[in-house]
Amino acid sequence: MSAFEPQVGPSDLDDIIAAVRQLQQGGGKLPSERDLAEHLSVKRHQLRKALEALRHSGDLKPARARRAPTALPRYGEELVRVTNPIEVLELRLIMEPGLARLASLRASSFETARILDAATTPENAPSGEVDFAFHLAIVAAARNHLAAEFYKMLRQVGVDARVKVARTAAPTCPKRIAQRDGEHRLIAEAISQRDPEAAEAAMRAHLLSVQRQIMERSNAGAFAA
């Protein structure tokens with residue numbers, strides 16, 4: 001933990017929230033609930049109220065559901081068997097432009113900053129993980145829990161489908177990463193500017209670009225076969 005030692009009253013919820021926000025601004029990951037309560041010298045039930053308020057305002061990620069790490073959607077394997085990457089992109093084209101629109105209207109300053117930061121791929125970072133983190137940050141900022149859960153399932157099916165269907169896909173190249181980052185930044189900037197039309201249009205353009213690449217790879221695989 002940092003050298004910051006907040007002075008928090010025994011029942012002052014606003015002070016606890018302010019103390020947690022100050023720790024967030026330090027750039028580090030918050031400790032466990034138990035350690036954080038000890039560090040702030042507050043009761044855990046008081047801390048939980050403060051954390052819930054921060055989650056409700058969008059300044060803190062939603063708490064993870066307690067489930068087995070290997071848990072899969074009920075029909076995950078069957079969905080992978082019957083679908084393909086093009087179908088996955090078609091559903092993403094239906095969902096994500098609308099979610100980008102909602103994010104531009106609902107995102108907190110904390111969520112907007114996270115989206116902007118995730119729009120650029122750090123050097124040597126796993127390309128797929130960065131891409132997923134960017135899109136998931138937008139889905140979270142849209143504040144629709146049902147859509148968020150469905151989106152996670154859709155992306156998982158898409159990953160599995162690419163492994164089983166699109167075996168000829170070439171690895172992501174630096175040029176493509178740069179292109180994708182540019183598309184991501186257009187989406188992020190529209191969201192940060194609270195421009196729903198621009199956010200929706202930029203997301204649709206990005207996904208159409210991804211769809212074209214998948215179709216090109218599929219066609220190349222067909223000719224190679």
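Q: Is Asp 117 buried or exposed?
A: This is a predicted model, where local features need pLDDT (the predictor's confidence in each residue, from 0 to 100) of at least 70 and side-chain atom pairs count only at pLDDT 80 or more, while totals for chains, interfaces and linings use all residues. Residues are numbered from 1 along each chain as its sequence is written, and side-chain values use heavy atoms, leaving out hydrogens and water. Buried means under 20% relative accessible area, exposed over 50% and partly exposed in between, with a 1.4 Å probe and protein chains only. Asp 117 has a relative accessible area of 63%, so the residue is exposed.

Q: Where is Asp 117, and how many Å separate its C-alpha from that of Ala 188?
A: You can find Asp 117 in helix α6; helices (H or I, at least four residues) and strands (E, at least two) are DSSP runs, numbered from the N terminus. In sequence, Asp 117 and Ala 188 are 71 residues apart, yet from C-alpha to C-alpha the distance is 8.8 Å.

Q: How many helices are there in the protein?
A: From the N terminus on, the elements run α-α-α-α-α-α-α-α-α-α. The protein has zero strands, and its helices number ten.

Q: What share of the contacts with a separation of 6 or more joins residues 24 or more positions apart?
A: A contact here means heavy atoms within 4.5 Å. Among contacts in the protein with a separation of 6 or more, the share from residues 24 or more positions apart is 74%.

Q: What is the average pLDDT, and which residues at the start of the chain fall below 50?
A: The average pLDDT of the protein is 80, and 78% of the residues score at least 70. A stretch with pLDDT below 50 has ten contacts in the model beyond near neighbours in sequence, and this stretch is residues 1-5.

Q: Why do the buried residues of α2 line one face of the helix?
A: Helix α2 (residues 33-40) has Leu 36, Ala 37, His 39 and Leu 40 as its buried residues. Seen down the axis, with directions taken from the helix axis to the C-beta atoms, they line one face because they fall within an arc of 165°.

Q: Which residues on the other side of α2 are exposed, and what helps cover the buried ones?
A: On the other side of α2, the exposed residues are Arg 34 and Glu 38. The cover over the buried residues of α2 includes α1 (13-25) and α3 (44-57).

Q: Which helix gives the largest share of the largest nonpolar core?
A: A nonpolar core is a set of buried Ala, Val, Leu, Ile, Met, Phe, Trp, Tyr and Cys residues joined through side-chain atoms within 4.5 Å. The largest has 22 residues, and those with the most contacts inside it are Ile 115, Phe 134, Ile 138, Ile 187, Ile 191 and Met 203. At least two residues each come from α5, α6, α7, α9 (174-192) and α10 (196-224). The largest share, six residues, is from α10.

Q: How many residues are in the second, separate core?
A: Leu 40, Ala 50, Leu 51 and Leu 54 are among the members of this second core. Its number of residues is 15.

Q: Why does Thr 121 count as buried?
A: Thr 121 lies in the loop between α6 (109-118) and α7 (127-141). Beyond its neighbours within four places in sequence, Thr 121 touches Val 130, Ile 177, Arg 180 and Asp 181. Thr 121 counts as buried because its relative accessible area is 14%.

Q: Which side chains make polar contacts with that of Thr 121?
A: A polar contact is a pair of N or O atoms within 3.5 Å; within protein, one must be able to donate a hydrogen and the other to accept it, and residues adjacent in sequence count only if both atoms are side-chain atoms. At 3.0 Å, the partner is Arg 180. At 2.9 Å, the partner is Asp 181.

Q: Which side chain joins that of Thr 83 in a polar contact of 2.7 Å?
A: Thr 83 is in the loop between α4 (76-82) and α5 (85-106), and is buried with a relative accessible area of 15%. The side chain at the other end of the 2.7 Å polar contact is that of Glu 87.

Q: What is the phi of Asn 124?
A: Most residues other than glycine have a negative phi. Asn 124, in the loop between α6 and α7, is exposed at 74% relative accessibility. Its phi is positive, near 70°.
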